[in-house]
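Got the viewer open? Set the cartoon display going, keep the selection box handy, and let's walk through a couple of stops.

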Amino acid sequence: MGAVGDLAPKGQTFGPISIWDKRILEAHEHALLTQSGAKLVDGKQVNLGNFIDDHDFVLVSPGVDVGLYAAQHHKILTELDFFAAFFKKPVVAITGSVGKTTVTRLLGALTNMLPVSSAKAGAFAIQGDRLRTVIGGNVGIGMLDLISSQDVVDAAIVELSSFQLEFN
């Protein structure tokens with residue numbers, strides 16, 4: 001994780017984006033992607049391995065099976081890679097087989113009740129007298145949406161599934 005920040009030099013943007021999908025996109029999805037200039041690739045006609053070969057990096061959705069493409073693992077990025085590269089506040093990540101959502105919600109509620117002394121608040125750039133945490137990942141706000149809201153929180157507690165951890 002963390003390599004995402006090094007993908008493009010500061011101030012530069014990525015080239016064209018290609019979207020590979022086996023399903024038929026809904027009209028609004030197709031319109032959004034077309035408006036953004038993305039190239040749509042029909043997953044029923046183009047093999048995923050060939051798609052990965054043809055691109056520098058591939059951002060995969062959790063649960064997409066790319067296990068057959070171990071030789072191209074270095075090209076595969078995940079939502080968690082982007083989150084780790086761009087979310088700059090403290091994070092508690094919770095994973096496991098049973099109880100992830102309960103623990104995530106409970107820890108979120110408890111940490112929002114924590115009083116913070118002014119000495120500790122200054123050390124952690126906390127504003128006010130309470131720790132402002134947000135829960136996300138598989139419960140609460142999506143990880144990528146947390147990035148844009150990090151200016152109004154002090155920390156994040158995220159629930160992660162085994163699918164999200166597969167390549168990290």
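Start by selecting Lys39: you'll find this residue in strand β2, which covers residues 39-42. Keep in mind as you go that this is a predicted model. Switch on a surface and ask yourself: is Lys39 buried or exposed? Lys39 counts as exposed because its relative accessible area is 54%, and the cut-off for exposed is over 50%.

Now show what sits around Lys39. Setting aside neighbours within four places in sequence, Lys39 is in contact with Ile17, Ser18 and Ile19. Add Trp20 to the selection and check the C-alpha atoms: those of Lys39 and Trp20 are separated by 8.7 Å, with their positions 19 residues apart along the chain.

Next stop, a sheet. Select β5, β7 and β6, in that order: these three strands form an open sheet with parallel pairing. Which strands are at the edges? Colour β5 (91-94) and β6 (133-137), the edge strands, each of which pairs on one side only. Turn the view to follow the twist, which averages 20° from one strand to the next.

Zoom in on β5 and β7 (residues 155-159), where four bridges link the two strands in the parallel sense. To see a bridge pair, pick Val91 and look across to its partner in β7, Ala156.

Last, bring up helix α4, residues 100-112. The helix packs on the sheet and touches β5, β6 and β7. Look along β7 and compare directions: that of α4 makes about 165° with that of β7.

Terms used. Residues are numbered from 1 along each chain as its sequence is written. This is a predicted model: local features need pLDDT of at least 70, side-chain atom pairs count only at pLDDT 80 or more; totals for chains, interfaces and linings use all residues. Side-chain values use heavy atoms; hydrogens and water are left out. Buried means under 20% relative accessible area, exposed over 50%, partly exposed in between (1.4 Å probe, protein chains only). Contact means heavy atoms within 4.5 Å. Two strands pair if DSSP finds at least two bridges between them. Axes are lines fitted to C-alpha atoms, for helices over the stretch in contact, and angles run from 0 to 180 degrees between N-to-C directions.
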